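Work through these exercises with the model open. Each task is followed by a solution in steps.

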Amino acid sequence: MMHFFTVLSIELSKIFSKGRSYIGFGAITILVPIVQAAMYSEGEAYFALFTQGLQQQFSFTGTFLNGYLIAFVVLQSLLVHVPLLVALVAGDMLAGEATGGTYRILFTRPVSRHTIVLAKYCAALLYTIGLIAWMSLLSMGLSLLIFGPGELFIVSSSITVLQQSDILWRFGYAYLFGILSMATVASIAFMFSALVENSIGPIAMTMAIIIVFTIISALDAGFIRDVKYLLFTNHLISWRLFFEESVPVDRILLSTWVLGGHSLVALGISLFVIVKKDILS
Amino acid sequence: MDRSPIIEIRSLTKHFGQFRAVYNLDLTVNKGDIYGFLGPNGAGKSTTIRMLMSLIAPTSGNISIFGKSLNSHRNEILSGIGAIVEKPDFYLYLTAEQNLRILAKMNALDLDTNQIHKALDQVGLLDRAKSKVKTFSYGMKQRLGIAQALLHDPELIVLDEPTNGLDPVGVKEIRELILRLRSEQNKTIFLSSHILPEVELIANRMVIINKGTAVIEGSVHELLNSGMLTVTFSIDNIEKSKDILRESQFSSSVLGFSNDSNLHIKLSKERIADCTSFLVDNGIGVDGISSTRSLEEYFLSITRS
């Protein structure tokens, strides 16, 4: 056990010694304030345009432009791009060792391959948690500082207006679910990282899988209809369920099972491949 | 002096698909040996070392190190070995000091900066302790490789072509370091090389491996200085010849077997006829006989082929 935490701390120090690990944090640090600045200057006009159709049936008084709405918008837009940022690091965890030839110094130490793979996996998960935490801190904390709190107005298949006192816990769970979603992406990138011996392959494969599964999910024909709920891409944005007036716990549990299942299978494949692997690089 | 076996390899075989990289390899390295593991490029040296270091799994055969099976005591055994396997690759984005610190931690050692610097000083890299490894030449990486191999004071040191990429001064320094490790600390060193004179200068025992099989094994002094001929008999039954030679007057002269049909044996010119008769009288068909004057000549012949 002592060895596991030693290896975990080594893996974290390796992650944060690489320039590529800061691309995700850098991108979020640049993008979130850009969204906030855009909303600060053009937010009212954007909101008016967005609710143009509704204004014929409803009368709006005051403003819905507040820190919660901005955090919601950021969450919605950034979670589309965060998988790439997560795959950038998780996809390099094992393939990077193969590319650099450092499997040879790593796997000739008196530490089992299981321990090394698990420590690397946990390091990739901690990186993912750090990235989402940074995103939540910037999008929620900074937005509340700039725009202040208020009611959250959401238009999807229905209109939902959430009272100020009913919002914070929803964001808390949404961010936690966002971590689960991105942990699944990280797990898949990690699995590809175990399968190939270059750093670009796992990133490209992960993004390709997300795109292909998303397209399949959009098809509504034949047998696909019956099995598409099993595709992890169908559940990546289930964090939105926490913002429905009555939270659908059963759907959230299903998404949790599907995402968790994908993560465990990906970790299992990674372990199997690396433990059995002949190190020839 | 304790001369107990440190490495015992028995019937070691490794296939990559149809390709046979190592076949039926037997060797024993005793405590305090500088054991030369010699062979031309592609002979199976690195594959054998990778199996020794648990990087690849043998197809069949056994490896025991420190009297324990590598299969069941992997971590315990690896904690007593320092190694360079093939190229000296490190984390390029870390400094020499950071690389050594990480590798020491993986060996459950919490070394302070002075200890790390001492290891770097031993290989002449102290002034580059804070430099990132990506700025190092191949020779400097090779030195760093030796530093990491010695970091945890291992009992057995496995060095795969350790003088590759070094200038003549560097080669001499590493040679002296290896000799010092044996004489002052009684370390056991398993040294692979494709250069016979390099092994000849420092090893006390050696094996020559070709196409994955040991062809000659013994004391370096005896192999190089006996003045006898290295005779190769092409025969039709290797297994039977092993049995009959074991009990014969030629048992101590046998150097090894290769390619399923070659018997290598050290003989004086006068005894070649006796040995041929002995084989034929015992039902072994001899299809051809060739001889070389010296081990170097023999080694060059297999290197060229």
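**Exercise 1.** Find how many residues of chain A are in contact with chain B, and which elements of chain A contribute.

*Solution.* This is a predicted model. Count contacts as C-beta atoms within 7 Å. On that cut-off, 19 residues of chain A meet 26 residues of chain B. Next, sort the chain A side by element. Two or more residues come from each of α1 (2-15) and α5 (103-106) of chain A. The top contributor is α1(A), with four residues. Last, sort by residue class. The chain A side holds six nonpolar, eight polar and five charged residues.

**Exercise 2.** Lay out the strand order of the six-stranded sheet in chain B, and name its edges.

*Solution.* Read across the sheet: β6-β7-β8-β3-β9-β10 of chain B. The sheet is open, and its pairing is mixed. Strands β6 (81-84) and β10 (213-219) of chain B each pair on one side only, which makes them the edges. From one strand to the next, the twist averages 15°.

**Exercise 3.** In which sense do β6(B) and β7(B) pair, and which helices lie on this part of the sheet?

*Solution.* Start with the strands. β6(B) and β7(B), residues 156-160, are parallel, with four bridges. One of the bridges joins Ile81(B) to Leu156(B). Now add the helices. Helix α5 (138-150) of chain B lies across β6 and β7 of chain B, at about 170° to β6(B). Helix α6 (168-185) of chain B also packs on the sheet. There α6(B) touches β3 (34-38), β7 and β8 (188-193) of chain B. Its direction makes about 155° with that of β8(B).

Note on methods
Residues are numbered from 1 along each chain as its sequence is written. Chains are lettered from A and ligands numbered from 1 in the order in which they are written. This is a predicted model: local features need pLDDT of at least 70, side-chain atom pairs count only at pLDDT 80 or more; totals for chains, interfaces and linings use all residues. Two strands pair if DSSP finds at least two bridges between them. Axes are lines fitted to C-alpha atoms, for helices over the stretch in contact, and angles run from 0 to 180 degrees between N-to-C directions. Two residues are in contact if their C-beta atoms, placed from the backbone, lie within 7 Å. Ala, Val, Leu, Ile, Met, Phe, Trp, Tyr, Cys and Pro count as nonpolar, Asp, Glu, Lys and Arg as charged, and the others, Gly among them, as polar.
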